[in-house]
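Student: Hi! Could you walk me through a structure today?
Tutor: Gladly, here it comes.

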Amino acid sequence: MSNKTLKKLSFFFANLKSQPMTIVLFVCASFSIVILFLMLFFVAREGALAFSKFGPDLLFGQQWNLEANVFGGLPLLYGSLMVTFGALLIAIPIGVSTAIFVSEVLPFYLRDPIKSIIELLASIPSVIYGFIGLLIIVPFISSFFDIPSGQTALTASIILSLMTIPTIVSVSGEIISAVPKSYKEAALGLGATKWEAIKTIVLPISKSGILASIMLGFGRAIGETIAVSMVAGNQAHLATSYLDSVYTIPAFIATHMGEAAVGSLEYSALFGLGLILLIITFIVNTLADSVVKRGVQHG
């Protein structure tokens, strides 16, 4: 740590003494960070046995055999990524188009009510999405594709896309709305149509924020548990089609953790999978934050 950084830290802590409210806020912020690191430490400690026993095979192994004490999470990671990317393929065009429509096309007096309704979708419990999937989408997929069961990766992707769209619409909408009005008026003044102004001015300026919203949607989708476990079929294998059933990491942990003996190798392996999921989510959220900051600096 450089002398300049140390001086800044010394100045910061010296100022804290004279500002009681700042001290309270500092303690609250520090508490949140400490909780995060304690969670990381706890999950890593519980998963350490599995990592030391299997190493990379915990991530890349293809078998999860309790009797043989062999635990490989590749089919689960594959299932998680498969349904997440499928969900994003559906959610990105719908979410970004909706954000553009709400922020740029919809009359001003209707924007807040419509945004509130869309954001309300994010507050619906995931088990409700699971019920909708079981009662409506699963029978439809089974009938439409003429397959025995509609509990497939495609069904899970559709449900996840419904849960991801509010995040993309909300974040993208805020970024698009933040584009200076004078820029759009200048484009319209030069003879551009409204769509040309959106395409050449609004979207290029807000692209980093839109990308960040997609990354946040990815983080939202890959960690979903209940709804996915109800409609994905829950079979741990490397699916070759979106019409196959899959098992995701969160769903697998939720269904197996209650049966695993505390301290056993299986118990540790489940925590190892949780740590892998946590790291993926952390990396994606960090990238999203970095993209937003870069967009602000270039904006």
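Tutor: We'll talk about empty spaces, a helix contact and ring pairs. This is a predicted model, where local features need pLDDT of at least 70, side-chain atom pairs count only at pLDDT 80 or more, and totals for chains, interfaces and linings use all residues. Residues are numbered from 1 along each chain as its sequence is written, and side-chain values use heavy atoms, with hydrogens and water left out.

Student: How many cavities of 30 Å³ or more are there?
Tutor: The search of the whole structure finds 1. A cavity is a set of points on a 1 Å grid over the protein atoms alone where a 1.4 Å probe fits but cannot get out; a pocket is an open set with protein on both sides within 12 Å along at least five of seven lines, and lining residues have an atom within 4 Å of a point.

Student: Which residues line the largest cavity?
Tutor: They are Ala 99, Val 102, Ser 103, Lys 115, Val 169, Ser 170, Gly 173 and Glu 174. Helix H7 (153-177) gives the largest share, 4 residues. The lining divides into 3 nonpolar, 3 polar and 2 charged residues (Ala, Val, Leu, Ile, Met, Phe, Trp, Tyr, Cys and Pro count as nonpolar, Asp, Glu, Lys and Arg as charged, the others, Gly among them, as polar).

Student: And what lies nearest the centre of the second largest pocket?
Tutor: Glu 104, Arg 111, Lys 181, Lys 184 and Lys 194, out of 13 lining residues. By class, that lining has 5 nonpolar, 2 polar and 6 charged residues.

Student: Switching topic: at what angle do H4 and H11 cross?
Tutor: Roughly 125°, with the axes of H4 and helix H11 (residues 249-256) coming within 8 Å. That makes H4 oblique to H11 (under 35 degrees is roughly parallel, over 145 roughly antiparallel, 65 to 115 roughly perpendicular, and the rest oblique).

Student: Which residues meet there?
Tutor: Leu 76, Leu 77 and Ser 80 in H4 meet Ile 249, Pro 250 and Phe 252 in H11, where contact means heavy atoms within 4.5 Å. These divide into 5 nonpolar, 1 polar and no charged.

Student: How many aromatic pairs are there?
Tutor: The count is 9, with rings of Phe, Tyr and Trp (its six-membered ring) pairing if their centres lie within 6.5 Å; planes under 30 degrees apart are stacked, over 60 edge-to-face, the rest tilted. For Phe 42 and Phe 271, the centres are 5.6 Å apart and the planes at 90°, so the pair is edge-to-face.

Student: Where do those two sit?
Tutor: Phe 42 lies in helix H2 (residues 20-54) and Phe 271 in helix H12 (residues 265-298), so the pair ties together parts that are 229 residues apart in sequence. Helices here are DSSP runs (H or I, at least four residues), numbered from the N terminus.

Technical notes: Axes are lines fitted to C-alpha atoms, for helices over the stretch in contact, and angles run from 0 to 180 degrees between N-to-C directions. Grid points are joined across faces, edges and corners, and a volume is the space filled by probe spheres set on the points.
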